[in-house]
Amino acid sequence: MFNYYFGLAVRSLRRNIVLTVLMIAAVGVGIGASMTTLTVFRAMDNDPIPQKSRQLFAVQIDNWGPDTKSIVAGDKERFQQQLSYIDAVGLMNAKAAHSQTAMYRTGAALTPANPSLLPFQVQIRAAYTDFFPMFQTPFLLGGPWSADDDKNHADVAVITQKLNDKVFGGGNSIGKTINLDNHEYRIVGILGRWDPTPQFYDLNNDAFGEGAAVYLPFTRAIDGQMPSWGNNNCNGDIGQPGWEGRLRSECVWIQFWAELPTAADAENYRTFLNNYATEQQHLGRFHWPAHTRIRDVREWLVYQHVVSDEYRILVLVSFSFLLVCLLNAMGLMLAKIMGRAGDIGVRRALGASRRAIFGQCLIEAGVVGLAGGLLGLALTALGLMGLRSLLSEEVSRLTHFSPADITIAIVLAVVATTLAGLYPTWRAAQVQPAWQLKAQ
Amino acid sequence: MQFRPIISAMRRNKVGAVLIAVQMAITLAILCNALFLIEQRVAWSQRPTGTDEANVVVIQNQWVGSPPDLAARLQGDLAALRSLPGVQDATSSNTYPLSGGGSTTGLSLKPDQKNATALASIYFGDEHAIAAFGLKLIAGRNFNSDEVVNKMGYTDLNPPAGIIVTRTLAEKLFPNGSAVGQSVYEESIKGQIPIVGVVDRMQVPWVGAGGWGSKFSESSLFMPFHFLSSYPTYYLVRSQPGQAAAVMQAAQKKLFDISRARVIGKALTLAAARTEAYKDDKGLVVILAVVCASLLAVTSFGIVGLTSYWVAQRRRQIGIRRALGATRNAIIQYFQTENLLIAGAGAVLGIAMAVSLNLWMVNIFAMQRLNTGYALIGAIVVLVLGQIAVLWPALRAASVPPALATRAA
Amino acid sequence: MLKMTHLSKAYRTEVVETYALRDFSIHVREGEFVAVTGPSGSGKTTFLTIAGLLEEFSGGEYQLDGANVRGLNDNQRSRLRNEKIGFIFQAFNLIADLNVQDNIDVPLRYRGFNAAERRRRIQEALGRVGLSARSRHYPAELSGGQQQRVAIARALAGSPRLLLADEPTGNLDTQMARGVLDLLEELHRDGATIVMVTHDPELAVRAQREVHIVDGQVVDLAAQPRLVAAANANT
């Protein structure tokens, strides 16, 4: 029966081409608009590391206390999202988690070995060796540096494939060196494409930007006095001047992540953090009770407000638009079905039950939805192209259609249009078989 | 025009009429909120920075490593830039307006004040900074060259000899009198800092509406420092009017002639920086405008479609009316009045929806209260749209021949 | 085959209740060709819509092919209509969107026949009405008489027990009307039970028996000698 209804639907749609085109256009435009914004929204709202997002935790320690001066207001939930060097090192030394890494963003001038090439700027992430297995970075060649390298503040580096191509023209560059600010680092690993979106591990700086090109041991970067190229927050007192002064200050500029595979691990770590802060209180460094927090990746993304209000509003606007389009299609379907009341009356007289008429009209609505969905997909592609030309490079990176988006578009179109078709369809099923006879 | 027969006819097409009214209401609600947002964003992205944007060239400079003679290199670069043809003046700073990155401090009137009196963004600059940015000094004086000292990275905490503040910051700190000659305290630097001058405007480096800096976007200060750092720093070169492109080329070439052990990260005018900085705002405006236009199009096509259907349904009835003496105009008016009634109901509902949508967004998002003028403009747009959309089907209705009444249905 | 006893049908508005049929009794036997006549407004069409299970009735009994149809739900009525009754309408009521064979296909689809069976029945019905060559034409491309023959083919295709015809020649000129009527008589000779509603006495005489309705009640003319009437018609 489905095939029969489908055939009837296509025939009926071809019969009244203007109404059909209007309906499909309405659904298509609505789907196009809503899918365009939804695609960007989904990319922003993406879980960047779904297999581990419940096991990786960002660590917060309140080292400023309730009387913070100016930068962060006294909201108990909104406290420092980064750690001071003192706390970062304290937690690294404690090794209370399964794996953990302190890290920060920095940069340097890379001087290529070929003297005819000009030096260029590279983004650097200073981290511990656990960074790589924790965040499941794909190595093309080599691997992370060793824990000993961390301990020895070794001159080693992991670089991206892109940088390897640029500096060495690709190939196996393990063992070669790169020159960063006149200092040589030995390459131990080359990363393949690794582009978690958003860049959850450091949201203070370019949540949707490109990641680092070079990874160095945290201990080595500190030795090299490589300053943070990211967000630095100091609560009034910057402390003593100079690099040593910065390391001893309460300024926060270091991200800290811990891998805690089970709920029990997380609970233990919470206790550990609390004890750590309490100990700092006893030592006289904190003048307030322990105030610490761990948040897993999803909680962290929400807490950091990764999806900006603008895009939430845009999604809201475009889905209201879809609603208008569906109301529109619903009105047209109603007109179309009522215009066919005669035929429906005859079918009823010839033995079609209400259910049969209902099914026939609902499938027609579904066909409109399907066609509208396909049109919507084309319009979405067009819309995303438009966004790429309109928006900054950072956001443009989020305008790529995934197979999931295509499925969502089609399913949304068919389901929404069918729902909009329910009322007109119900009206069609109410058409009395006697009607046509009476009208004679 | 009589309403009663129209209303009783509409009752027979209840659902269709309701569908159109609800569509128009949602259209109105989205339209006026979107227009409001567009207007705000356009106004936001057009705020002046206070600088001579068209002629100020920004060149990002990063030294390879940390050469020991940084101070001399900086002086050499600046002297060379100032001597280029077509250059009015040049300075060096840690950041520039529209860059999106910079440094903030809290200023207080007393040494142990718990909460800062004002937040301000910090620009470093020498005695050439005012001329190089193209700012207007409105009170006090510029820095003297002997006040300008070297600052070795952000962890160097030497106090400045004095600061120059913006008018807005001066008024925030000293609402009752001149700021020049007064002193303030800064978060990290020990001791008083005298205010030596006031410039009319100098915007903070951050541009995001509702983002960091948006609450004190006109509060900036200059400290008389040459910034020596392994961070990238910026040369600001102000060209003679219209020569920015040539100066940008010449300046980069000159810098590489002096030394190749550097990275020039980017070079652009402040005007170009503005385009880049507000790209997402402009994009949002365009997207909203496109959505609004599509919304209006879809709604009007919906009206055309449904009204055409009603006309087709009532052809015989219209023929009878014509036979009974109704003029073409009377038929057109009939459908226009019908649409006006539906759109009117939609507009009332729409204004209510617009206001509640706005109130909700004020709560959820950091959005401002809707100006009621926008709701009224939206209502008028929707009413006019309805009248235009209904015109075509109404004309078709008017062309139904009276003779139709004499024929069988 | 069709038996109504003391049947009544009332139409209610807010103010009045009008009876279209009152204490209406009729019995049509298998194989009969009955003409139902009466002035306009007498209740002919109401009788037909109830007989065809298109509408429900207010009181009394109605047995169709031995089964009581009172209180059946919409699905059951649709089913019965589909299986037992073939309709021939005055305005043909062909679906304009569908060509001849697809029109005939409509009741067969609802019947649930498989493709081969449907094809066979469509061919057979078309053959019966002599329109095999027109199976792919659309209604608009056919003359009125041809359209009505398609409608008859559609009514026949499901092998109904009962054919209900409502002024089957009302929209046709004399020539075509005669053709359609000949077809109905032929069907009757082949054993079909036919109930035909008409206000045209000339048509009515072609039936075996005439039932006259006045003011919603039957005035049985069966007792009167049909032969005389038939003879008159032939002269």
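Modeller: The radius of gyration is taken over C-alpha atoms, and the globule rule is 2.2 Å times the number of residues to the power 0.38. The model discussed here is predicted.

Colleague: How do you know that chain B departs from the value for a compact globule?

Modeller: For 409 residues the rule gives a radius of gyration near 22 Å, whereas chain B has 32 Å. The C-alpha atoms of chain B fill a box of roughly 105 × 50 × 35 Å along the principal axes.

Colleague: What makes a residue of chain B count as buried, and what percentage of the chain do buried residues make up?

Modeller: A residue is buried if 20 or more other C-beta atoms lie within 10 Å of its own. By that test, buried residues make up 47% of the 409 in chain B.

Colleague: What makes residues of chain B and chain A count as being in contact, and how many residues does each chain give?

Modeller: Two residues are in contact if their C-beta atoms lie within 7 Å. On that basis the contact takes 50 residues from chain B and 50 residues from chain A. On the chain B side, α2 (14–45), β13 (262–269) and α8 (279–313) each give two or more residues. The largest share, 17 residues, comes from α8(B).

Colleague: Which classes of residue form the side of chain B that touches chain A?

Modeller: That side has 27 nonpolar, 18 polar and 5 charged residues.

Colleague: How many residues does the contact between chain C and chain A take from each chain?

Modeller: The contact takes 24 residues from chain C and 20 residues from chain A. On the chain C side, the largest share, 6 residues, comes from α2(C).

Key
Residues are numbered from 1 along each chain as its sequence is written. Chains are lettered from A and ligands numbered from 1 in the order in which they are written. This is a predicted model: local features need pLDDT of at least 70, side-chain atom pairs count only at pLDDT 80 or more; totals for chains, interfaces and linings use all residues. Helices (H or I, at least four residues) and strands (E, at least two) are DSSP runs, numbered from the N terminus. Ala, Val, Leu, Ile, Met, Phe, Trp, Tyr, Cys and Pro count as nonpolar, Asp, Glu, Lys and Arg as charged, and the others, Gly among them, as polar. A residue is buried if 20 or more other C-beta atoms lie within 10 Å of its own, exposed if 12 or fewer, and partly exposed in between; C-beta atoms are placed from the backbone.
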